Amino acid sequence: VKLRYRPQVTISHLEGPNISNILTLFGGTRILFVHNSLNRNYRSTGILGKAKKLLAMWLYPKGDTVVGVSKDICDELVHDYGVSKNRITYLNNPVDNANIHESSTVLYGDWRDELFKRTYLVNVASLTTQKNHRLLLKIFKSLVAKKRDLKLVIIGKGNAEHEIREMCNSMGLRISNLNEKDIDSTQVFLLGYQSNPYPLIRNGKLFVMTSEWEGLPISLLEAMSLETPIVISDCSTAIRQIMLDLNSADNPKAVDGAYRTNYGYLIGKRQSFGKVDHVNTWVSAICQLLDDKLHYEGCKQAVGTKAREYDISNVSKRWYELLKISNSG
């Protein structure tokens with residue numbers, strides 16, 4: 001493709017395409033996007049993962065520009081992968097707010113539309129170790145002891161699906177068979193990949209993400225765009241910057257490992273808790289947000305406003321700077 005079209009700029013995302021971008025000729029300026037921590041992603045993924053990590057260490061410094069979607073990813077690329085500070089830049093992920101809102105009003109025309117009438121938490125993430133669904137299920141198990149009608153909707157696919165199903169069974173959580181008749185009796189809905197997840201996110205009471213590490217998850221920005229309050233782990237500088245409004249002079253303080261913010265709750269990592277019960281902190285934060293109507297409604301308004309900062313119309317201005325082309329409108 002490069003040979004045929006001779007582009008002025010070739011942009012790639014994720015390790016496979018990034019490596020291909022560097023190894024091929026006639027692609028003009030090569031811009032590599034890195035969306036996650038290479039050290040965390042490939043520390044226990046076998047020979048293929050180790051090969052990707054070694055190739056990244058060798059090839060990424062050769063990119064004309066290497067873009068990290070969070071500040072900690074940028075720091076890792078400089079310190080551990082030899083990318084020059086002059087070639088590294090930070091650029092946050094964008095969201096198309098108008099398209100997300102339009103897509104969120106669609107009805108599925110099946111049993112999922114009935115699910116909208118129930119009270120549920122929603123999680124959108126690949127079913128992998130990184131996303132820490134084990135913790136999510138432990139939290140939910142404790143939650144349903146307090147709120148019996150609460151449900152959990154998990155959207156995504158991955159190699160941990162079997163483990164998640166087994167864990168639900170061992171914990172006595174009734175998992176879905178994707179059947180309308182089972183809506184009231186089912187507690188956990190494992191819905192796999194959804195081509196349009198936005199109606200499910202929009203109708204969820206809270207967006208909950210328990211990840212061990214992240215860059216800047218687009219699903220977080222999409223949930224904020226749809227005015228769904230957030231309870232999320234403190235697992236990246238980008239998430240922390242959003243949830244704590246680090247550009248603001250008035251930053252919240254953590255109480256028992258949790259930050260009560262304008263957008264919901266940011267929950268500290270397990271190792272920072274000391275004697276505080278980690279699962280109970282999550283449960284307490286979720287219950288408080290669901291029960292405190294004033295805080296909840298304030299969060300709904302605030303997350304929608306915050307999402308507009310990440311709208312594609314604003315982020316595109318940085319793209320023009322990155323590509324060194326003029327913005328003709």
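This is a short tutorial dialogue on reading helices, strands, surface patches and salt bridges in a predicted model.

Visitor: Let's start with a helix. Which residues of helix H2 are buried?

Guide: Helix H2 covers residues 15–23, and its buried residues are Glu15, Asn18, Ile19, Asn21 and Ile22.

Visitor: Why do they line one face of the helix?

Guide: The general idea comes first. An α-helix has 3.6 residues a turn, so residues three or four places apart point the same way. In this case, looking down the axis of H2, the buried residues fall within an arc of 155°, so they line one face.

Visitor: And what do the buried residues of H2 pack against?

Guide: Their partners are helix H1 (2–5), strand E1 (9–13), strand E2 (29–34), helix H3 (38–41) and helix H4 (46–59).

Visitor: Let's move to the surface. Which residues make the nonpolar surface patch?

Guide: Leu3, Leu25 and Phe26 make that patch, which is about 340 Å². Look at Leu25 in the loop between H2 and E2; this residue is exposed, with a relative accessible area of 59%.

Visitor: Now the sheet. In what order do the eight strands of the open sheet come?

Guide: Strands of a sheet pair through backbone hydrogen bonds, either parallel or antiparallel. Here the order is E7-E6-E5-E8-E9-E12-E11-E10, and the pairing is mixed.

Visitor: Which strands stand at the edges?

Guide: Strand E7 (188–192) and strand E10 (254–255) do; each has a single partner strand, so one side of each is left without a neighbour in the sheet. E10 runs antiparallel to strand E11 (residues 258–261), joined to it by two bridges, and Ala254 stands opposite Tyr259 in E11. At the other edge, strand E6 (residues 151–155) pairs with E7 in the parallel sense over four bridges, with Leu152 opposite Val188 in E7.

Visitor: Are the faces of E7 covered or open?

Guide: A general point helps here. In a regular strand the side chains alternate between the two faces of the sheet. For E7, both faces are covered: Val188, Leu190 and Gly192 are buried on one side, and Phe189 and Leu191 on the other. Five of the five residues of E7 are buried, so the strand is largely enclosed by the rest of the structure.

Visitor: Finally, charged pairs. How many salt bridges are there?

Guide: Side chains of opposite charge can pair when their charged atoms come close. With a side-chain nitrogen of Lys or Arg required within 4 Å of a carboxyl oxygen of Asp or Glu, the count comes to 14 salt bridges. One of them joins Asp64 and Arg30, at 3.8 Å from N to O. Asp64 lies in the loop between H4 and strand E3 (65–68) and Arg30 in strand E2, so this pair ties together parts that are 34 residues apart in sequence. Asp64 is partly exposed, at 35% relative accessible area.

Visitor: What is the N to O distance between Arg240 and Asp234?

Guide: That salt bridge has a distance of 2.3 Å. Arg240 is partly exposed, with a relative accessible area of 28%, whereas Asp234 is buried, at 12%.

Visitor: Where do Arg260 and Asp292 lie?

Guide: Arg260 is in strand E11 and Asp292 in the loop between helix H13 (278–291) and helix H14 (293–309), so their pairing ties together parts that are 32 residues apart in sequence. Their side chains meet in a salt bridge of 3.0 Å, N to O. Arg260 counts as partly exposed at 43% relative accessibility, and Asp292 counts as partly exposed at 29%.

Visitor: Which residues do salt bridges with shared partners join into one network?

Guide: Glu114, Lys117, Arg118 and Asp184 are joined in that way.

Methods
Residues numbered from 1 in each chain as written. Predicted model: local features only at pLDDT ≥ 70, side-chain atom pairs only at ≥ 80, totals over all residues. Heavy atoms only, no water. Buried < 20%, exposed > 50% of the residue type's maximum accessible area, 1.4 Å probe, protein only. Arc of directions from axis to C-beta. Contact = heavy atoms within 4.5 Å. Patch = residues over 30% accessible without salt bridge, like charges linked within 9 Å, V, L, I, M, F, W, Y side chains within 5 Å. Areas by Shrake-Rupley, 256 points an atom, 1.4 Å probe, with all protein chains shown as cover. Pairing = 2+ DSSP bridges.
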